Amino acid sequence: MKRLSMSGNYAVAYAVKMADVDVVSAYPITPQTTIVERISDFVANGDLDADYVNVESEHSAMSACIGAAMTGARVFTATSSQGLAYMHELLLMASGLRTPIVMANVNRALSAPLNIWNDHGDAMAERDSGWIQLWASSAQEAFDTTIKAFKIAEDVRLPVMVNFDGFIVSHTYEPVMLIDEGDVKNYIPSKPMANRLSPKTAYSVGVVGPPEYYYEMKYQAIDAIERSRQRIREIDADFNKRFDKYYTDVDTFNLEGAEYALITMGAMTGSARVVAGELRKLGEKVGIISIRTYRPFPSDKLIEAVAGLKGLGIMDRATTPGGPSNPLFADVAACLYGEKERPVLQSFVAGIGGRDITAENFRSMLRATKEAAVSGRAAPCMYVGLRE
Amino acid sequence: MSTVYRTLKDVPKEELLAPGHRLCAGCTVGTAVRQILKASGPNTVVVSATGCLEVSTSYFPQSAWRVPWTHVAFENAASVASGIEHAMRALNRKKKSDEKVNVIALGGDGGTFDIGLQALSGAMERGDDFVYVCYDNEAYMNTGIQRSSATPYAAATTTSPPGKLSVGQSTQKKDIMGIAVAHGIPYAATASPSYPFDLMNKIRKAIDVDGPALVHVLTPCPTGWRFDVSSGIDLGKLAVLSGLWPLYEVVDGKTRLTVQVLKRYPVTKYLELQGRFKHVKGESIEKIQRIADVMSEKFGLGPVRQ
Amino acid sequence: MKCARTVLKGWKDIPEGVTITEPGSSVQFDVSAWRTHKPVVDKAKCTKCGMCWLFCPESAIEIKEDGKYDANLTFCKGCGICDKVCAVKAITMVKEGKN
C-alpha cells in the first residue's frame with residue numbers, strides 16, 4: 001500500500017484507473033470535474049486502457065454508459081447536482097435495465113438559485129431511482145468505496161452511486177492509503193461480462209412493459225435492491241478482512257451508554273464526532289450514528305443502533321418543501337415507526353448550499369436533541385443557521 | 001465497398017424483422033426496416049428511439065427483432081449507440097471480446113430532428129462508428145400525429161391544424177441532411193423503401209464507412225398522411241418523382257444524385273392522394289411547387305413535365 | 001383470436017432486466033384478424049420478380065417451393081401493397097368474412 005496526499009476526486013480517479021474500466025463517458029460539472037480530468041490524463045498517457053467518450057451532456061453520458069454496460073463493458077461516470085438531475089430519467093432506466101454502472105456523485109446543491117457548493121439535495125432527489133447509494137466521508141473512503149462499488153454493482157447487477165461532499169471531500173487534500181494495483185485487480189478482476197446485445201442470443205432489451213407486466217418488472221428491480229442488502233454486507237466484510245478496513249452500513253461512535261444521538265451522512269460525520277467526543281468528556285451521554293449505505297436503507301441496523309436511546313436528532317442536508325418532513329427524517333421515521341420502543345425524533349436542516357456546519361451548530365443540535373429526549377416531545381424542524 | 005444490390009438474387013432471403021409486429025397495416029416503416037436489415041445482416045445491433053417502430057416491435061412478451069435490439073429513451077438513440085460502439089471497441093482492443101457488430105440507431109423524425117438532435121450532433125461530432133437511420137413519417141405519429149420539425153409546409157397535423165388563421169404547418173422541413181453534412185461525417189444519404197436497391201446499397205455503404213453515417217428515409221404513413229393503406233410504396237415513388245424527395249448521397253462532402261428524374265411530376269400529383277393536404281389551396285400549392293423546384297435545381301433533377 | 005398473452009407470468013418467471021429473450025416471438029401475436037381483404041395470387045401470372053416480397057411491411061410474403069410468391073395468411077394484415085406493386089397484376093385483394 002502506498003500513502004499519498006490527494007483530493008477525494010483524484011482518489012476516485014485512481015480507483016477507476018485501478019479498476020481497469022473499459023468505457024468512461026462523462027460531462028464536466030463543478031465539483032466533479034477534476035475526477036474526469038484526471039481520468040482523461042490516464043487514458044491519454046496509456047495508464048488506463050479505456051475509451052473516454054466526450055459526450056455532449058450528462059443525459060448522453062448516462063445513455064452511453066447504459067449502452068456500454070449492456071454490451072458487457074465495465075463503465076464509470078461522474079456528475080453532480082444539475083448533471084444528476086439532467087440524467088434523472090436515465091437513472092430509473094439504468095436500474096430498471098439492471099446495468100452495473102458505477103457513478104461518482106459529488107454532492108452539490110440544486111438550482112435555483114445556482115450554487116456550486118455542497119449539500120445532499122442532488123442525491124436525495126434520486127432516492128427513488130433504484131440505484132444503490134453509498135456515502136463516503138473522506139478521500140480515503142471515496143477511494144475504498146469506489147473500488148467496492150464495482151464489486152457490488154457487478155455482483156448484484158444494479159448501478160451504484162458513490163456520494164461524497166463537494167469541495168469538502170472532493171477538493172480537500174488528505175493522506176490516502178492506496179491499495180496496491182495488483183491487489184485491486186485480484187479483487188475486481190477485469191474479466192469479460194455478458195454481452196446482452198450479442199447476435200448469438202439476439203435479445204430485445206428495454207421493451208415495452210404493458211399494464212399486465214409493468215408491475216412485475218418493477219417488482220423485480222425492487223426485489224433485486226432488497227436482496228442486495230445482504231450481498232453488500234458480505235462484500236463489506238470481505239473487503240474489511242482483505243484490506244484491514246472498517247466499513248459497515250451503519251457506523252456508530254460513542255453509542256455505549258448513550259441516551260441521545262445525532263444521525264449524520266457524509267463529511268459532516270467527522271465534525272459531529274469531534275463535538276460529540278468533547279461533550280462526552282463533559283459527561284454528556286451522547287453519540288453519533290452515521291449512515292454509509294443509504295439505499296438499500298439499513299433499517300435493521302439502524303433499529304439496532306438506536307435501541308435504548310431516548311432522543312435521536314436527524315440531520316438533513318436537503319429539504320422536501322411542503323412535505324411532512326425532510327428526506328432522511330422521513331426514511332428514519334418510517335423505519336422506526338413499527339418499533340414499540342423508539343427515541344423521540346428531532347429534525348434538523350443544516351449545511352444547505354455549502355453553508356458550513358460549525359461546532360456551535362452541532363452543539364446546539366445536540367442540545368435540542370437532549371431537550372427532546374428529556375421532555376419526551378420534539379420541537380418542529382429546526383433550520384440551523386438560517387438568518388431570519 | 002462490399003456487396004452491391006442490383007437484382008433480387010443479391011438480396012438475402014432471411015427475415016430479420018419477424019411478422020406479428022403491431023405497425024399499422026400498410027406502414028412503410030415495416031418495409032424499410034426489413035430492407036435495412038437485409039443490407040446489414042444478422043451481425044447487427046439495433047438501437048431504437050421511442051416511437052412507432054419501438055412500441056410496435058417490442059410489446060412484452062413479443063419481440064419482432066431477430067437481431068439484438070435495445071431501447072432506452074426517446075432522445076438518446078445516438079448516445080446509446082455511441083456507448084455500444086465504444087464498448088465493443090474497448091473490449092476488442094483489451095482482448096475481452098472478439099465480437100464486432102454493426103451498430104444501427106433507428107429513430108423517427110421526432111426522435112431525430114427535435115428531441116434527439118443534440119445526441120445525434122454529439123455522436124456525429126465525435127466521429128463514432130455507427131449508422132443513424134431516421135425513418136421520417138413527417139410527424140409525431142406514435143402519439144397521434146403531432147407536428148415535428150420534419151413536417152412539410154402546409155401539412156395538417158393535430159398541433160398544426162389548418163384553420164381560419166392557419167395554413168397547417170407554417171414552416172418547411174428542417175434540413176437534417178445539411179446539418180449532418182455540416183458535421184463533416186463521411187457519409188449521408190436520403191433513401192426510400194420504394195427504391196429498395198438504392199436503399200440497401202446506401203445502408204451497406206453507411207455501414208462500411210468508418211465513422212458516423214446518416215441515412216434519412218422517407219416512410220409514408222397511411223394513418224397520419226391519410227391515404228389508402230395499399231398506396232404507401234406508390235406514394236413514396238411520387239415523392240421522389242415530384243422532386244420533393246431527391247435520392248442522393250454525400251460522400252466526404254461531395255453530393256451525388258443516385259436516382260435521376262428526367263421529367264418531374266407536378267407536386268399536385270403527390271399532394272392530391274393525401275388527406276393531410278386536402279385543405280391546401282392555390283398559394284400553398286405554389287409554395288410547395290417552388291420548394292420542389294428549388295430542391296430539383298440543387299440536386300440536378302429535370303423540369304416538370306407539361 | 002389466439003394470443004400468447006393470455007397466460008400471464010409472475011415476476012419470478014419473466015427474464016431479468018426488461019428483456020425478451022426469444023427473438024422474433026412476435027410470430028405468436030395474431031394480426032390476421034386486422035384485415036378485411038386478403039391477397040389472392042394468380043400463380044399462372046406470377047413472373048417471380050419478387051417485388052411483392054420486397055415491399056411487404058409484414059414479412060408475410062413468402063417464397064414458395066416453385067420459386068413463386070404467396071402470402072402467409074397468418075401474418076398478413078391485408079394492406080394491399082402487394083396488389084399495387086405487382087407489375088403483372090397477379091395479386092388481387094379479395095374481401096373476406098361473411099357478407
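Two residues are taken to be in contact here if their C-beta atoms, placed from the backbone, lie within 7 Å. That criterion underlies the packing described below for a predicted model with chains A, B and C.

Chain B offers a convenient entry. It contains 11 helices and 10 strands. Helix 3 of chain B, residues 77-93, lies across four strands of its own chain: strand 1 (44-48), strand 2 (69-71), strand 3 (102-108) and strand 4 (131-136). Its direction runs at about 170 degrees to that of strand 3 of chain B. With regard to overall form, a compact globule of 306 residues would have a radius of gyration near 19 Å, and chain B, at 19 Å, agrees with that value. The C-alpha atoms of chain B fill a box of roughly 65 × 40 × 40 Å along the principal axes.

The strands that helix 3 of chain B crosses belong to a sheet that extends beyond chain B. Ten strands form this open sheet, in the order 10(B)-9(B)-7(B)-8(B)-4(B)-3(B)-1(B)-2(B)-9(A)-1(C), with mixed pairing. Strand 10 of chain B (254-257) and strand 1 of chain C stand at the edges; each has a single partner strand, so one side of each is left without a neighbour in the sheet. Strands of a sheet pair through backbone hydrogen bonds, in either the parallel or the antiparallel sense. Within chain B, strand 7 (residues 187-191) and strand 8 (residues 213-218) run parallel and are joined by five bridges. One residue pair in this register is Y187(B), whose bridge partner in strand 8 of chain B is A213(B).

Strand 9 of chain A is the element to follow next. On one hand, strand 9 of chain A pairs with strand 2 of chain B in the parallel sense over two bridges, and S204(A) stands opposite W69(B). On the other hand, strand 9 of chain A (residues 204-205) pairs with strand 1 of chain C (residues 19-20) in the antiparallel sense, again over two bridges. Here the bridge partner of S204(A) is I20(C).

The contacts between the chains can now be considered. Between chains A and B, 41 residues of chain A are in contact with 41 residues of chain B. On the chain A side, at least two residues each come from strand 2 (23-26), strand 3 (51-54), helix 3 (58-70), helix 5 (88-96) and strand 9. Helix 3 of chain A gives the most, with nine residues. By class, this side of chain A has 22 nonpolar, 14 polar and five charged residues. Between chains C and A, 11 residues of chain C are in contact with 15 residues of chain A. The side of chain C that touches chain A has six nonpolar, four polar and one charged residues.

Chain C has two helices and five strands, which follow one another from the N terminus as β-β-α-β-β-α-β. A compact globule of 99 residues would have a radius of gyration near 13 Å, but the value for chain C is 17 Å. Its C-alpha trace spans about 55 × 35 × 20 Å along the principal axes.

Chain A also holds a separate topic, an open sheet of six strands in the order 10-12-11-14-15-16, with mixed pairing. Strand 10 (250-253) and strand 16 (382-383) of chain A are at the edges with a single partner strand each, so one side of each is left without a neighbour in the sheet. Helix 11 of chain A (residues 299-306) packs on this sheet, touching strand 10, strand 12 (286-291) and strand 14 (311-316), and its direction makes about 15 degrees with that of strand 10 of chain A. Helix 13 of chain A (residues 359-375) lies across strand 11 (260-264), strand 12, strand 14, strand 15 and strand 16, at about 140 degrees to strand 14 of chain A. Strand 15 of chain A (residues 344-349) pairs with strand 16 of chain A in the parallel sense over two bridges, with F348(A) opposite M382(A).

Finally, helix 7 (residues 139-156) and helix 9 (residues 211-243) of chain A have axes that come within 10 Å and cross at roughly 140 degrees. That angle makes helix 7 of chain A oblique to helix 9 of chain A, and the crossing is right-handed. Among the residues making the contact are K148(A), I152(A) and V156(A) of helix 7, and A224(A), R231(A) and F239(A) of helix 9. The residues of this contact divide into six nonpolar, one polar and four charged.

Conventions:
Residues are numbered from 1 along each chain as its sequence is written. Chains are lettered from A and ligands numbered from 1 in the order in which they are written. This is a predicted model: local features need pLDDT of at least 70, side-chain atom pairs count only at pLDDT 80 or more; totals for chains, interfaces and linings use all residues. Two strands pair if DSSP finds at least two bridges between them. Axes are lines fitted to C-alpha atoms, for helices over the stretch in contact, and angles run from 0 to 180 degrees between N-to-C directions. Ala, Val, Leu, Ile, Met, Phe, Trp, Tyr, Cys and Pro count as nonpolar, Asp, Glu, Lys and Arg as charged, and the others, Gly among them, as polar. Angles under 35 degrees count as roughly parallel, over 145 as roughly antiparallel, 65 to 115 as roughly perpendicular and the rest as oblique. A crossing is left-handed if the near helix is turned anticlockwise from the far one by less than a right angle, and right-handed if clockwise. The radius of gyration is taken over C-alpha atoms; the globule rule is 2.2 Å times the number of residues to the power 0.38.
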